[in-house]
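Work through the exercises below with the structure open beside you. Try each task before you read its solution.

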Amino acid sequence: MNQLETMLPKLNEILNPYRSNPEALIPVLQEVQEVFGYIPPETMPHIAESLKLFPSQVQGVITFYSQFYTYPRGKNIVTVCRGTACHVRGGTGVLRVVQRELNLKDGETSPDYNFTLETVACLGACAQAPVMVVNRNYYGKMNPKKIETILNSYR
Amino acid sequence: MERLKSSKDLLNFRQELIQQIDPAKPCVMICGDTGCIVRGVEEVIDAFTKEIERQGLKDKIDIKRTGCHGFCERGPLAVILPEEILYQQLTKEDVPEIVKETLIKKNVIGRLLYTHPVTEKKIIYEHEVPFYEKQKRNVLSDNGRIDPTKIEDYIARDGYGAISRALSSMTPEEVIDCVEKAGLRGRGGAGFPTGTKWRFTRQSPGEEKYLICNADEGDPGAFMDRSVLEGNPHLVLEGMLIAAYAMGSTEGYIYVRAEYPLATKRLKIAINQAEGLGLLGSKILGTDFSFYIKIKEGAGAFVCGEETALIASVEGKRGMPRIRPPFPAQSGLKGKPTCINNVETFANVRSVILNGWEWYSNIGTEKSKGTKIFSLTGRINNTGLVEVPMGTTLREVIFDIGGGIPKGRNFKAAQMGGPSGGCVPARFLDLPIDYDSLREIGSMMGSGGLIVLDENTCMVDLARFFLTFTQDESCGKCAPCRLGTLQMLKILTRITRGEGREGDIERLQKIGEAVKKSALCGLGQTCPNPVLSTLTYFREEYEAHIKEHKCPAAVCDAMVISACQHTCPAGIDVPSYVTLIAQGKYVEATELIRERNPFPAICGRICSHPCEFKCRRGELDAPVAIKSLKRFAADWYFENVGEPPSPFPVTRQERVAIVGAGPAGLSCAYFLAKTGYQTTVFEALPVAGGMLGVAIPDFRLPKEVIEEEIAHIRARGVEIRYNTPINTNYTVDDLKKEGYAAVFIAAGAQRSSQLGIPGEVEGLEGLLYGLRFLVDVKVGRPVSVGEKVGIIGGGNVAMDSARTALRLGAKEVHVFYRRTPEDMPVTESEYQEAIEEGIQFHFLVSPTRIVSEGWKLKGIHCIRMSLGETEASGRRRPIPVEGSEFFVELHTLIPSVGQAPDLSFLPPDSKLERARWGTLQVDPNSLSTNVPGIFAGGDFVTGPTYLIHAIAAGRRAALAIDKYLRKDTSRIEIRDEKVHVVDDVHLAAGEEMVEMKPRQKVPAHRPEERIRDFREIEKGFSEKQAKEEAARCLRCDLER
């Protein structure tokens, strides 16, 4: 069985309620990413066919939205906020420290797939600036010591 | 719960719910919003649940997990009902005490209350806390009182009462009419009249109409929509129901951005519950009206907040805007008429219907009705969500509600409207905020993000920051935005890296305006706003970056090695000399200072220390006491280095003349001598030092210190000719004729300004002008003051005059200043010392007339002032309060209201070009006048300013004169330099974790003792203190 074949059962489960409904592309892609951790490129033609779309249209949507990834990411997604409130309260410094701690740049994944680092323009938790999120956990008022402690707890 | 089949059912249900509520039952309303979760509220809620259970009080006490209360800075917080006591900054350890003392015994726990920052009073009740007092929480009224996951809480507070009324007693037309008359405008940013949009949609042909709620809150720094969605989702649903009814829509979407998973979750729960009760879905409340709401999640694209891009995204496509017309109201989702409104817009609708349009239109300004929620973030004490009526001023929001700027810093600007908005500088603090007033000044309301910036924010960096965001989010469809943002970003990045070029400002302006006019959608049309508005109001910052390679806020990494050095006008390598002091190398430290400043001992006593205000250590606990460290090193040098230094070798032929032996003149001479020139300084007085030599009292700057520093400079080969004024007998031209190849005029600003009021007669006994008074005392002339002395003014001369008068035997010394203490140019420590010595201050008072009898002073008439509108500088203009005059009896009056340069020594036929206000016109970069070879600088050109500016001007002139004499026409470039990097052994910077360590206090003589004579007040650091203080430096320069 090739990669796609192993993914098909889960994939069809996601697609079934939306067959022939091109408007559902984004929710479908969101579910696919939720299940597989990313959007495997092999699945793309199948998704297109099921929703009655051209592969180019699907590819266009995947590459337009920053939420979608076509490659696997780490187990722990570390998101550093680069919104204005965080910026004004030292967000750049936070990013620098996180980059140093994880030895990763924005968008990179560690070789052991434990961490992925990304930045986002605003998480809406501005009162706690500067903010860092790991998976779904929010951490506010970051400083170098706190960052170190928090990241270590995910190692 | 049973399905409600009519409006009456709803009413009955509400009555039932209300009856079940016991208003006297203690209830803890605890904020469960994301912001408070980050601060650990989950543990607190857990602790409450467990404690109440443990004590068997489950039936007697309620805990309700509510949405955002707004006062995010003080979270985790809770309001205890029925009393409405506010407890803030809670930890799980506080819980047992709260349960025992407050919930059971009804006692208030003082330490958990909010303390008023000024009065220091503890405030018990929520509505008395200043943060809440000035707000008008209309949309947010339920937020702190309901559990957003329980529809019954919402219904008990009149929830769904508005749609019920609309369905039972209003036609769709009447609903639209009501919303139109109320004057509700779109809260997403553009402010389009909501009723009108509904009307257009209703009037568009076709049965199928869509309603979309834009919950794509993408503005960085804005989180009010999130808090409404998470804290009171039913409010939004109800607004959508009313809109749907009004325009005849049966299908609606809520488009929530991907980054708000909790909001999506809460909405889903709310929709489920509403459907279950028949308040949403088919045949609502038993009528023919049906409306279904689906949730669509965004996938991370800021541009999808734009309505046509949003529609494309709902349709499963790339979120690219399209051209309008046709507007969505005519042709939107799937080609059908679609009305898109923002979350906050929908959240306002209920109160319009329930309270009526007259009530609503009474709030706000003429064209902007109702309230607006602002997310107040950035450099502000009370971060959080603030809801105020339109027309509230920025000053009220930032200072009264927001609590002002932390660490006593100065307000610089507020960024409103996020990346689409513009900055609002201090001069507009009294502007009533509404849609139109903001647009007029180049900003916009936007979604309501209000980011406060202080003096440590670089406006160029801010513009670059916003462009980075919009450039990344630009969809790329239209060339102006795709290419324009890229080019603007490139230029801004170059400027912040110190690679700005001549013409960059004009380029930015041109590109920005072009993009505004030609971009396809709102993103492109507004993205130049941050650039254009910062160019309008902070052009000098751009120019400093480009022309002088300086970042005034000391932020731009590429140009700033350490903020202290960058901010010092003389560019002294502060971290290095501080480290040398920590290492015990005091002589080396002093020599390092002398590379940029030949007055270390004097500056160590009286410098205004801009470095300390930017010291990063100050973010942690308190800034390093840089000034006092400098004094310690210099004093040590003078005590321990016996031999005078040898003269600098003369390697150049040319001789340079300097007019005035003040700090600017002597610094110029010193650095010219160091470069190898022969210099002669012509000084009119018998003593050197300028203002330093004659105007600063001994108790701040002893004569011996001045003499030592000047002797050092002279030993280096600088010739000073005393009692040799340059005037009409011996002119600047004469100097040139004598063979001086260049002349630097640094004659200072020593002409006392007059008060300009009636009765001010020269020669009046008892009337002494401040500067003259100080000079006379310092040079030893006999001066006496009466028992009651009055000083007019608030600057250094005024302060020094007051304290000198005290030491000369005055019994009462009163200082009258027309502004407030914060506006006084003197340092905080000087002011405190004056108060300690018993000087009495009267603020917001101005003299109107001097009264005398014969030739003797009797007193002055004064008038009280109040603060009026904000001036361009950001300060408020004092205006006299009519009828508030009063008389003050005085024996001596010392006006000290400023000094001006005195150009009268220049012959009338001098070719030197004058500037507008009586000073000489000089090139700011080279300090050259219009006559080649003649330069001018220091107070003489700028008017009175701080010592370190004069010293920096002196050095700049030396560099310029050197270039001139070598026929080098290039610009003077003064960059931050490190001559050698000193190791950071023994410093705080080397440690893993920096501990808080208070700043060392400089020991001083006690006030009662020191006012008896003119002894120096401050004793200076001991060696131990100096080493410990120097070890607090974080060595920001080593981050490079």
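The exercises that follow concern a predicted model.

**Exercise 1. Lay out chain A.**
Find how many helices and strands chain A has, and the pattern they follow along the sequence.

*Solution.*
Step 1. Count the elements. Chain A has seven helices and four strands.
Step 2. Read along the sequence. The pattern is α-α-α-α-β-α-α-β-β-β-α.
Step 3. Split the chain into domains. Domain 1 of chain A covers 3-64, and domain 2 covers 76-153.
Step 4. Place the domains in space. Their centres, taken over C-alpha atoms, are 30 Å apart.
Step 5. Put a box around the chain. Along the principal axes, the C-alpha atoms of chain A fill roughly 50 × 30 × 20 Å.

**Exercise 2. Describe the interface of chain A and chain B.**
State how many residues each chain gives to the contact, and how much area is buried.

*Solution.*
Step 1. Count residues. Chain A gives 37 residues, and chain B gives 53 residues.
Step 2. Choose a way to express size. Interface size is often given as the accessible area lost when the parts come together.
Step 3. Apply it here. The two chains bury about 3500 Å² between them. Carbon and sulfur atoms account for 56% of that.
Step 4. Look for the main contributors in chain A. A:E23, A:F64 and A:T84 supply 19% of the area that chain A buries against chain B, more than any other three residues.
Step 5. Count polar links. Between the chains there are 13 residue pairs in polar contact, with both residues at pLDDT 80 or more.
Step 6. List the elements on the chain A side. Those that give two or more residues are α2 (25-36), α4 (55-64), α5 (84-88) and β4 (137-139) of chain A.

**Exercise 3. Find salt bridges that cross between the chains.**
Say which residues of chain B form salt bridges with A:K141 and A:E23.

*Solution.*
Step 1. Get the totals. The structure holds 89 salt bridges over all chains. Four salt bridges are found across the interface of chain A and chain B.
Step 2. Take A:K141. Its partner is B:E73, and the closest N and O atoms are 3.2 Å apart.
Step 3. Take A:E23. The side chain of A:E23 meets that of B:K334, at 3.2 Å from N to O.
Step 4. Place this second pair. B:K334 lies in the loop between α13 (307-314) and β10 (338-342) of chain B, and A:E23 lies in the loop between α1 (3-15) and α2 of chain A, so the pair joins two chains.

**Exercise 4. Trace a four-stranded sheet in chain B.**
Give the strand order of the open sheet of four strands, and explain why one side of each edge strand has no neighbour in the sheet.

*Solution.*
Step 1. Write the order. It is β2-β1-β3-β4 (chain B), with mixed pairing.
Step 2. Look at the edges. β2 (62-66) and β4 (85-87) of chain B each have a single partner strand, so one side of each is left without a neighbour in the sheet.
Step 3. Add the twist. From one strand to the next it averages 20°.
Step 4. Check one pair. β3 (residues 78-81) and β4 of chain B run antiparallel, joined over three bridges. One bridge partner pair is B:V79 and B:L86.
Step 5. Find the packing helix. α3 (residues 41-54) of chain B touches β1 (27-31) and β2 of chain B. The direction of α3 makes about 160° with that of β1(B).

**Exercise 5. Trace a five-stranded sheet in chain B.**
State whether the pairing in the open sheet of five strands is parallel or antiparallel, and name its edge strands.

*Solution.*
Step 1. Write the order. It is β18-β17-β16-β19-β30 (chain B), and the pairing is parallel.
Step 2. Name the edges. β18 (718-721) and β30 (934-936) of chain B each pair on one side only.
Step 3. Check one pair. β16 (residues 655-659) and β19 (residues 740-745) of chain B pair over five bridges. B:I658 has B:F744 as a bridge partner.
Step 4. Find the packing helix. α39 (residues 947-965) of chain B touches β16, β19 and β30 of chain B. The direction of α39 makes about 155° with that of β19(B).

**Exercise 6. Inspect the backbone.**
Locate the loops that hold B:P76, B:P325 and A:Y113.

*Solution.*
Step 1. Take B:P76. B:P76 sits in the loop between β2 and β3 of chain B. The peptide bond from B:G75 to B:P76 is cis, with omega near 0°.
Step 2. Take B:P325. B:P325 sits in the loop between α13 and β10 of chain B. The bond from B:R324 to B:P325 is cis, with omega near 10°.
Step 3. Take A:Y113. A:Y113 sits in the loop between α6 (91-102) and β2 (115-120) of chain A. Phi of A:Y113 is near 60°, a positive value in a residue other than glycine.

Technical notes:
Residues numbered from 1 in each chain as written. Chains lettered and ligands numbered in written order. Predicted model: local features only at pLDDT ≥ 70, side-chain atom pairs only at ≥ 80, totals over all residues. Heavy atoms only, no water. Pairing = 2+ DSSP bridges. Axes fitted to C-alpha atoms, helices over the stretch in contact; angles between N-to-C directions. Contact = heavy atoms within 4.5 Å. Domains from an automatic or database assignment. Buried area = accessible area lost by both parts, 1.4 Å probe. Polar contact = N/O pair within 3.5 Å; in protein donor to acceptor, adjacent residues only side chain to side chain.
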